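Let's take a friendly walk through one protein chain. Keep the sequence and the 3D view side by side as you read.

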Amino acid sequence: MKKERRSVRRRQREKKSIRERIGSFLLWVFEIAVVILFAFVIVYFFGQVRTNVGQSMELTLSDNDQVLINTLAYRAGTPKRNDIVAFKPNGSSSAQTYVKRVVGLPGETVQIRDGMIYINDKVLLEKTNYPAINDAGLASDPITLGVKEYFVLGDNRNNSEDSRHADVGLVNSDYIEGKVWFRISPSESLGWIK
């Protein structure tokens with residue numbers, strides 16, 4: 001009788017031990033899945049890498065600087081004036097990504113005359129002292145932006161292919177990939193982008 005009770009208790013302890021091990025294993029699997037999901041969300045929304053090509057964003061960004069973009073920023077809101085955005089010109093999936101600064105917002109009228117940017121017929125006063133613009137391009141005449149259109153310029157205003165040129169033109173919000181927020185390469189220039 002005592003042997004039977006001990007045997008029953010031993011089997012119960014073994015079953016309990018197996019259940020505890022299975023429970024621990026399932027908890028471990030769940031924790032790993034949560035970490036992987038969290039890492040995926042962070043990388044997908046905040047860690048996509050784009051490369052700035054050319055000198056059009058000098059002095060802010062140099063040729064071949066690698067930057068991170070925030071793809072979530074414009075799902076929750078819209079680009080603001082002075083944001084630096086990454087976009088595909090004319091929505092072409094095969095084109096290289098362009099990186100430029102937002103100057104004109106939907107519904108505004110943009111014009112460049114006498115080397116200055118005018119928004120709704122008023123001079124745009126920018127915080128950075130950019131040189132006078134030598135080539136107004138398409139913006140020599142007033143351009144009124146549609147409800148989803150943005151006018152973008154490179155910071156190197158006299159050496160930039162941007163909304164002043166037909167190859168780029170106005171940028172539809174559907175073609176904006178995200179907000180440029182952090183430089184990751186070269187390592188000596190690592191940091192936040194303004």
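Leaving out neighbours within four places in sequence, Lys-100 is in contact with Ser-56, Met-57, Asp-83, Ile-84, Val-85, Phe-87, Val-152, Leu-153, Gly-154, Ser-160, Glu-161 and Asp-162, where contact means heavy atoms within 4.5 Å. You will find Lys-100 in strand β4, which covers residues 98-104. This is a predicted model, in which local features need pLDDT of at least 70 and side-chain atom pairs count only at pLDDT 80 or more, while totals for chains, interfaces and linings use all residues. Residues are numbered from 1 along each chain as its sequence is written, and side-chain values use heavy atoms, with hydrogens and water left out.

Is Lys-100 buried or exposed? Lys-100 is buried (under 20% relative accessible area; exposed is over 50%, and partly exposed is in between, with a 1.4 Å probe and protein chains only). Lys-100 has no salt bridge, that is, no side-chain nitrogen of Lys or Arg within 4 Å of a carboxyl oxygen of Asp or Glu. The nearest side chain of opposite charge, Asp-162, is 5.5 Å away from Lys-100; here Lys and Arg count as positive and Asp and Glu as negative, while His and the chain ends are not counted.

The table lists polar pairs, meaning N or O atoms within 3.5 Å, where one must be able to donate a hydrogen and the other to accept it, and residues adjacent in sequence count only if both atoms are side-chain atoms.

| Side chain | Partner | Distance |
|---|---|---|
| Lys-100 | Ser-56 side chain | 2.7 Å |
| Lys-100 | Glu-161 backbone oxygen | 3.2 Å |
| Glu-149 | Gly-146 backbone nitrogen | 2.6 Å |

Now for Glu-149, which sits in strand β9 (residues 149-153). Glu-149 is partly exposed, with a relative accessible area of 26%. Not counting residues up to four places away in sequence, Glu-149 touches Gly-104, Leu-105, Pro-106, Thr-144, Leu-170 and Val-171. Glu-149 and Gly-104 are 45 residues apart along the chain, and their C-alpha atoms are separated by 8.4 Å.

Next, look at Leu-26 in helix α1 (residues 2-46). Why does Leu-26 count as exposed? Leu-26 counts as exposed because its relative accessibility is 51%.

Finally, the whole chain: it has two helices and 12 strands, taken from DSSP runs (H or I, at least four residues, for helices; E, at least two, for strands) and numbered from the N terminus. Of its 194 residues, 36% count as buried. Residues 24 or more positions apart account for 61% of the contacts with a separation of 6 or more.
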